[in-house]
Amino acid sequence: MSEPPVLEIRDLHVTFSAHGREIPAVRGVDLTIERGQTLALLGESGSGKSVTAKAVMGLLDQPNVQVRSQVARLGGRDLLAMSADERRALRGSEMTLVFQDALSALNPVLSIGDQVGELFRVHRGMSRKEAKARSVEMLDLVGIPAAAKRIGDYPHQFSGGMRQRILVAMAVALEPDLIIADEPTTALDVTVQAQILELIDRLRRELGTAVLLITHDLGVAAEVSDRIAVMYAGRIVESGEVGELYDRPAHPYTGALLAAIPDLDSPASELRAIPGAPPSPASVPPGCSFAPRCDRATEVCVSTRPPLAPVTGSDRQAACHHSEEMLHGAIA
Amino acid sequence: MAPSPEPAASGPAAVLPASAPAGDVVLRATGLHKSYHGGMLSRGGAVRAVAGVDLELRAGETLGIVGESGCGKSTLARMLVGLERPDEGEVTFRGRPFFTRGGVPRDIRRRVQMVFQDPLTSLNPRMTIHDIVAEPLRVHRLSPNVRAMRERVGELLTLVGLSPDRMSRFPHEFSGGQRQRIGIARALATEPDVIVCDEPVSALDMSVQAQVVNLFAELQRTLGVALVFIAHDLAVVRHVSHRVGVMYLGRLAEVGPAAEVYGAPAHPYTMALLSAAPVPKPQLRGRSRIMLAGDPPSPVAPPPGCRFHTRCWKATERCAEVEPVLEAAGEHYAACHYAERG
Amino acid sequence: MRFIGLRLARGLLTLWFAVTVTFFLVRLLPGDPVLAVADPNMTEELRLKLLADFGLDKPLAAQYLDYLGQLLQGNLGMSFRQSIPVTTVLMERLPWTLILTISAMVVTIALGIPLGVLAATGAKGWLDRMIQLTGVTAQSLFVPSVGIFLMYVLGVWLGWFPIGGAVDLDATGFGATLSMLHHLVLPCLSLVLIQLGGYVLTMRTTLIDALGEDYVSLAKAKGVRPGKVVWKHALRNALLPTTTIAGLQLGTLVGGAVLTETIYAYPGIGRAVYEAVGQLDFPVLQGAFVLLAAAVVVANLITDVAYGILDPRVRTS
Amino acid sequence: MTALMPDAAVEPTPRQRTWSAFRRNPLGVASAIVLLLLALVAVFAPLIAPFPEGYGADTSQPPSAAHWFGTDDIGQDVFAQVVWGTRVSMAVGVSASVLAIVIGLLIGISAAYFRRLDTPLGVLVDLSLSLPMLPLMILVAALAGPSVRTLAVVIALFSWPEVARVVRSQALSIVPMPFVSAAKVVGGSSLWIVRTHLLPGVIPVVGVSVVLTTSRAVLAEAGLSFLGLGDPNSWSWGTILHKAQQSGSLASAWWTTLFPSLAILLLVLSTTLLSVAYNDARNHRNDS
Amino acid sequence: PSVPGSAGGSGSDTGSGSQAPAGTDRLTIGTTADVVNYNPLVGNSRTDSWVTNLMYPHLTQMDEAGKRVPYLATEWSYSEDGKTATAKLRDDMKWSDGKQVTADDVVFSVTSVQKEKFGVVAGLITALDKAEAVSPTEVAFHLSRADGTFLDNVGFWLPIVPKHVFEKAPSVQKFANDANWVSAGPFKLTKVERGQRYIMERVDGFGPGQPAVKEIVFRVFPDVNTEVLALRNGEIDLIGNVLPPATATELKNDQQVKLQQIPSLGWAHLQYNTKRKPLDDVRVRQALAHAVDYEAIRAIALKGYAKSSNSSVLTPSLPAYTDPASKEYAFDPEQAKKLLAEAGVANLSVGMIYDQADPNIARWAPMVRDSAKKAGITIKLQGLERNTYLDKTAKRDFDIYAGSWAVMDNPPANLGLAFKTGGFINYAQVSDPKLDDLIDQAQRALTQEEAKAPIQEAARIIHDQVYDNVLYVETFNIAHSAKWTGFKPMPSELLSILNPLSLASAKPAS
Ligand SMILES: Nc1ncnc2c1ncn2[C@@H]1O[C@H](COP(=O)(O)OP(=O)(O)OP(=O)(O)O)[C@@H](O)[C@H]1O
Ligand SMILES: Nc1ncnc2c1ncn2[C@@H]1O[C@H](COP(=O)(O)OP(=O)(O)OP(=O)(O)O)[C@@H](O)[C@H]1O
Ligand SMILES: [Mg+2]
Ligand SMILES: [Mg+2]
């Protein structure tokens with residue numbers, strides 16, 4: 001590949017300290033997204049998806065958080081070497097974030113026009129009037145009816161779907177290289193969710209933007225992503241091309257997840273549940289984090305943490321001592 | 001697992017959910033209406049959360065309700081358990097009205113229980129698991145003494161798959177799935193005939209969701225309680241329900257046996273819903289989908305005529321004027337002028 | 001509109017309640033107002049005459065109805081002791097009270113908000129601790145002690161400020177304004193000191209909360225400068241509780257600050273009320289209470305309006 | 001069926017977390033210690049200094065080894081006055097705040113839970129805020145005699161609206177919680193819900209109120225005593241200041257003013273800081 | 001006869017003082033309260049009197065010794081039978097609107113008081129039948145009985161108001177007189193800023209003699225501590241009210257400040273409710289009197305600014321009446337115990353009411369309690385808010401009353417009010433026919449010499465029966481800036497140096 005990837009992260013660690021205890025929320029995450037590609041970051045609640053996204057955006061600047069990584073590049077630019085102000089200039093223009101809950105992410109006391117226009121004013125130095133005109137355009141683009149009239153309205157005057165669209169409008173306004181969408185549709189109805197996903201996908205195609213889609217919905221990931229990365233307890237346990245990964249999971253967690261989904265077409269008598277619950281990030285077992293719930297777990301799983309390694313014979317990586325068995329078992 | 005001393009219910013379905021068991025009607029709702037008048041701040045107009053719902057729940061069956069956010073599912077659920085008094089219409093339990101002059105009769109209260117969506121906020125963070133599960137026993141004085149109460153709480157916890165020796169812990173020490181089990185144990189404490197579950201698995205992690213869904217299925221099989229199971233995940237509802245109702249803007253658009261509603265939807269909204277649901281199968285990507293235009297209308301001023309006509313691709317002038325009523329084709333009801341009858 | 005109407009109705013109800021309660025309260029005060037006016041040696045006949053003059057001869061209920069009737073016509077009655085209309089008595093003092101208390105409030109808010117912001121943005125740092133400590137210390141001061149101390153040091157020792165009073169006798173025109181401000185500094189400072197802590201602490205907590213909100217994260221994610229994130233995005237949301245405090249205070253401001261006025265010899269209304277109690281001047285007391293209640297009601301309305309301005313969720317629905 | 005969740009290292013309870021966060025705050029800990037000391041002084045006043053009464057030859061003496069805080073204008077030891085004043089000031093502070101909190105809890109919870117009562121109770125709060133404290137104080141003092149008890153009652157009568165408001169808003173956030181609905185579904189009566197769910201839920205914010213109203217009550221007691229409405233038979237810090245004010249020696253005999261003022265400052269400061277520290281510790285979202 | 005201010009004779013030369021610094025033209029006086037009522041017949045608070053006394057003349061004034069000296073009246077006398085009193089008036093005094101001050105005004109003033117019965121004066125002129133203007137400069141008061149106290153009382157206490165202004169009001173009592181003042185005193189009120197100050201200007205060509213100072217400003221300082229600071233800071237020249245003893249001790253050493261001392265005409269005392277058991281027993285009252293440490297109260301609570309009156313109601317301030325034979329009750333707890341035992345009273349426990357706002361009493365009330373404890377007597381302090389105190393006093397609702405009487409300038413008149421059966425300040429509810437008789441006798445006497453014997457006898461009864469327990473006669477301290485001199489203080493807290501006589505003679509020190 002001649003072009004550098006849009007986003008390249010190596011060995012990202014994020015640790016919170018609270019009450020004198022360290023909470024390693026993200027523990028060595030690698031992410032690479034190519035131009036025009038959608039990477040879905042899957043994983044259940046608390047696995048560290050949002051923290052990863054915020055770390056990439058550089059939003060974890062509170063005193064009680066430590067963020068470190070070996071490589072952090074955005075379209076070839078080294079984020080680690082930048083000053084805080086330079087990184088700030090990239091935010092909103094080169095990389096943008098779509099939040100999960102649009103109602104809390106939009107400032108209740110500022111008008112929509114103000115909030116969208118702010119982007120143009122901060123990054124493009126536009127006047128209030130120009131910014132307003134561009135905001136109307138953006139709102140039109142994401143399908144807000146009568147955008148020019150509603151530009152002075154406040155967030156609470158819009159429906160949930162419209163608010164989410166406004167967030168999307170803000171994310172694409174300056175044609176960024178990377179959009180990070182953190183569960184952008186979880187709060188929405190399926191019919192509206194489909195609209196928003198469609199919208200993001202369309203903009204990605206038209207602008208060639210890379211998208212990091214964070215979700216815990218296997219359905220959503222399957223619908224829109226090119227590649228999938230599955231997170232479990234602060235680590236990526238498996239990543240690969242979407243079709244392959246769904247067909248032949250190389251990590252038992254991925255496999256168990258896929259098996260636990262109720263199927264519309266064939267209601268089974270009992271769902272294949274995964275026993276137990278995800279570990280709390282504050283107390284992680286020394287070996288494989290999934291071992292206590294894994295039906296394949298052996299002694300080595302309990303004692304040694306498997307590294308994320310390429311799986312032979314595919315464009316995939318998995319962090320499991322038994323991934324080869326998994327694949328063979330699936331084929332057999 | 002020790003079966004609970006529940007009085008004999010209609011024979012458990014061997015495999016669920018094949019067909020609805022033909023038990024008696026335990027819960028019946030007729031013409032339910034509920035509007036919310038906002039506080040002093042609202043700009044006139046009431047939110048018509050539920051606008052004319054009729055339902056029946058038979059002993060031992062599971063009735064699934066699906067619908068989008070804000071369509072009135074929770075309001076309906078709250079009326080079904082007597083938490084909310086309907087503006088119009090009536091809920092009856094085995095033919096006896098819920099709301100009498102002195103409020104809901106205590107024995108009906110005992111017989112109809114609820115499981116809430118968010119397992120954390122529905123458990124008082126300041127109470128131990130024991131106290132939470134024992135609350136109904138205390139309120140209804142179902143245990144003669146403290147020891148009996150502890151025993152009964154232990155029994156209930158075992159029933160939902162929790163170890164009784166953790167009953168002096170607080171809710172935050174449990175995982176999401178375990179919390180929901182605690183909520184279920186509390187609902188079972190009074191040996192109810194009906195449990196209304198308002199999105200009982202929506203707040204759970206995907207890896208835990210299946211555990212709880214399985215638990216519901218098993219409890220119904222062993223205890224024979226009738227369930228109202230509300231969710232917005234179509235697959236989950238399909239999985240647990242004998243019959244399914246689809247709600248749109250405060251009304252039922254379609255009700256019928258699960259297989260029929262999913263297999264041959266009669267209402268365009270059901271069709272749209274089924275087609276919009278994301279499918280976790282990448283190879284199915286790019287299948288043709290019904291994309292609905294626009295957002296759901298505001299429940300403050302629902303559209304006249306058929307409530308769905310503003311987003312419906314089949315809508316005609318008639319739909320904008322005449323409100324369709326639920327019409328039956330066998331067990332399968334739909335409220336659409338152009339319902340597709342298979 | 002309906003909302004305003006409802007608030008207004010509630011306000012009037014409060015007002016009526018307050019008038020009623022204070023009417024009877026005042027009449028429960030120990031002592032005989034007639035005794036305070038005339039010689040205790042008076043004859044019974046004169047006593048009755050005086051009672052009749054004061055309107056105290058009728059049964060309480062009748063007096064009460066009379067009072068309400070007069071009140072509706074905007075008449076607060078005549079002072080027993082000064083034989084002049086209560087309105088005059090109160091209006092002589094009200095402007096001074098307002099000057100003192102409102103200037104104190106304005107200064108407090110003008111200082112409290114930035115200090116609260118400083119504390120919140122450096123939460124748990126040394127600056128935060130300093131600000132908190134200072135604010136809380138100031139709040140715990142006892143006005144008379146502080147007042148005398150300030151006057152002694154800044155007035156007698158350093159001679160920077162006058163001792164007591166509200167304005168110089170000889171000052172005219174612009175000089176009078178200057179003199180007024182000069183006299184205002186110390187009493188105002190005392191009030192600011194004891195009020196500041198409340199604003200700073202409230203501002204601090206609510207701003208810390210606001211800074212943790214998603215919309216602040218989004219603003220940062222948009223590349224907005226940190227300063228602007230605080231002042232434009234977080235602050236306005238955090239101002240709402242501060243508005244509540246200010247509104248509450250605004251209402252009671254009209255009642256004056258008795259201790260401050262006493263120590264600084266400031267001609268405010270609080271002192272006048274205190275004296276009226278001593279003189280058993282029922283109409284003046286009563287009038288002051290009506291004023292106070294009206295102020296609370298008006299302040300409530302103003303708070304509501306301020307909420308509307310700050311929070312579009314209130315304004316547009 | 002499903003296996004049990006492995007017993008993940010038990011997270012600390014909220015109370016433990018609050019406590020550990022609190023211990024980390026030097027201001028909070030220092031305040032708690034100061035308060036404790038003041039309480040000890042109050043309890044053991046008789047052991048520390050004799051009750052200040054009678055008169056002495058050394059009048060208006062500045063602080064010395066014999067009289068640590070100097071003497072007042074009739075020769076009484078100011079140190080003894082301050083020590084005994086701790087008793088009354090704290091007693092008034094604590095009892096007024098306890099009373100205010102009981103009333104405030106009752107009214108706040110009723111307003112939040114029984115929505116129909118909200119407006120009338122709101123009017124009641126507005127009314128109490130617009131009522132004049134001073135004449136009421138005089139009235140009660142006249143009817144009941146100016147005693148420590150009267151002071152506490154009157155101060156409480158003027159402090160409860162604040163508590164009621166705090167309680168109400170906290171209760172309002174609890175009432176719509178699903179666990180309240182759950183208690184209703186299970187058949188709990190209003191009384192049951194108030195007792196088992198609302199009351200324990202508002203107690204933490206009331207904890208903050210306790211300290212705040214206590215500190216306000218101490219200041220209010222000082223103010224009322226300063227205006228001559230105190231209890232003449234006992235010593236409070238406000239009484240000491242009132243006597244100093246009456247003798248016209250506020251500015252010159254600085255020791256008669258400074259020490260009671262410092263005592264007030266110390267008590268109010270430490271209570272306020274304590275409540276701030278407690279609040280911070282309880283707010284787990286922002287702790288580090 | 002000497003005329004107030006005439007001795008100074010400096011009236012004309014200060015008139016040209018426009019070049020002089022404002023400080024010498026203007027005397028700023030601190031006061032702790034506002035003027036409540038400008039109607040001199042009604043207003044009875046301290047600041048009221050200070051201001052109105054400078055505006056409205058009286059018939060006579062009082063000098064340092066409590067002796068009456070001429071003011072509006074130049075001469076006064078009784079008829080033989082004592083039933084007519086006459087006063088001759090000056091002819092050179094004018095109201096500020098130009099009208100002459102005449103006998104009509106005097107008649108109007110006294111008749112209004114008589115009719116509407118207000119103020120202090122009403123209680124003092126009960127003997128008056130009718131007042132009559134004999135000529136513009138002569139007034140005759142026809143009395144229903146011989147009353148040797150009448151002229152003293154009416155002369156000193158009654159302010160003379162302009163008839164042509166006051167008569168227009170439907171009721172003199174309700175006449176506020178709060179603007180457009182028509183006055184005839186040495187100063188006229190020109191400007192009022194309530195809560196702040198009252199400004200008075202010298203009246204040029206004031207008949208009895210023009211004051212040296214051109215302008216007088218009363219400034220209100222509700223707190224005495226602030227007032228003292230203002231004096232030390234030079235913002236005020238004089239503190240009108242009496243200094244608390246502790247403050248006086250401190251200001252003694254201040255070079256900038258001068259203290260003037262005047263004995264009080266009144267006294268501080270304890271009264272025992274003779275209608276309550278066991279206080280109706282004289283032995284119990286005597287026991288209580290022996291249980292008070294008088295010396296300590298005077299030395300400590302009053303810092304020595306008090307004299308003993310030997311437990312007599314005839315105080316050293318009026319030397320003409322004092323009885324040298326009177327002896328103060330000794331502080332003798334043993335004696336007290338003995339007396340109580342005789343009376344058969346054990347564990348005596350009584351309440352004592354006082355006004356908490358009175359700084360001196362608030363000081364010594366605990367001392368009374370503590371010394372009584374030594375005699376085994378429990379005294380419960382009831383420090384009350386002022387109105388409650390007055391109310392309880394008026395209703396005689398107390399065991400022990402602690403208080404002070406401000407101006408007792410005329411023993412026959414005063415003892416009548418205080419100790420005759422039904423007297424209106426007879427708080428102790430004394431009802432002693434012999435005492436009544438003696439007081440009547442003294443009141444009928446037209447000269448002091450005549451009144452002296454019965455009044456001394458009465459005072460002895462009061463002493464022996466402990467109808468009143470006089471603790472001390474305060475020595476008032478008045479502080480003024482060292483820049484001023486020439487004040488002539490008067491033995492009254494009400495007036496002290498704030499009276500026309502004194503202010504007229506005040507002048508800058510240099
Ligand atoms: N500010 C913070 N302080 C302490 N711990 C935090 C903080 N933010 C996140 N964490 C912890 O980091 C872990 C990862 O959180 P994160 O929000 O990334 O999860 P997620 O995968 O996005 O989950 P969800 O699906 O619920 O959004 C969680 O266990 C959380 O407790
Ligand atoms: N207490 C209330 N006061 C005012 N409006 C309410 C209240 N409860 C519900 N509503 C409104 O009634 C409508 C239906 O609400 P309801 O909670 O029943 O929907 P739902 O289908 O359960 O939605 P969700 O899937 O989001 O839970 C919504 O528009 C909601 O805003
Ligand atoms: Mg997240
Ligand atoms: Mg719901």
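**View 1. Residues 172-194 of chain D in a predicted model.** The C-alpha atoms at the two ends of residues 172-194 of chain D are 12 Å apart. Helix makes up 70% of this span and strand 0%, where helices (H or I, at least four residues) and strands (E, at least two) are DSSP runs, numbered from the N terminus. This is a predicted model, in which local features need pLDDT of at least 70 and side-chain atom pairs count only at pLDDT 80 or more, while totals for chains, interfaces and linings use all residues. Residues are numbered from 1 along each chain as its sequence is written, chains are lettered from A and ligands numbered from 1 in written order, and side-chain values use heavy atoms, without hydrogens and water.

**View 2. Residues 90-114 of chain D.** Here the end C-alpha atoms lie 35 Å apart, and the span is 96% helix and 0% strand. UniProt, in an unreviewed entry, lists "transmembrane region" for residues 90-114 and 172-194 of chain D, among others; such annotations may be inferred rather than shown by experiment.

**View 3. The shell around ligand 1.** Residues surrounding ligand 1 (a heavy atom within 4 Å) include A:Phe16, A:Ala25, A:Glu183 and A:Pro281. Helix α1 (residues 49-57) of chain A supplies the largest share of the shell, three residues.

**View 4. Backbone contacts to ligand 1.** Oxygen atoms of ligand 1 form polar contacts (N or O pairs within 3.5 Å) with backbone atoms of A:Lys49 at 2.9 Å, A:Gly48 at 3.1 Å and A:Ser47 at 3.3 Å. Taken alone, ligand 1 exposes 630 Å², of which the protein buries 67% (Shrake-Rupley method, 1.4 Å probe).

Definitions and conventions: Polar contact = N/O pair within 3.5 Å; in protein donor to acceptor, adjacent residues only side chain to side chain.
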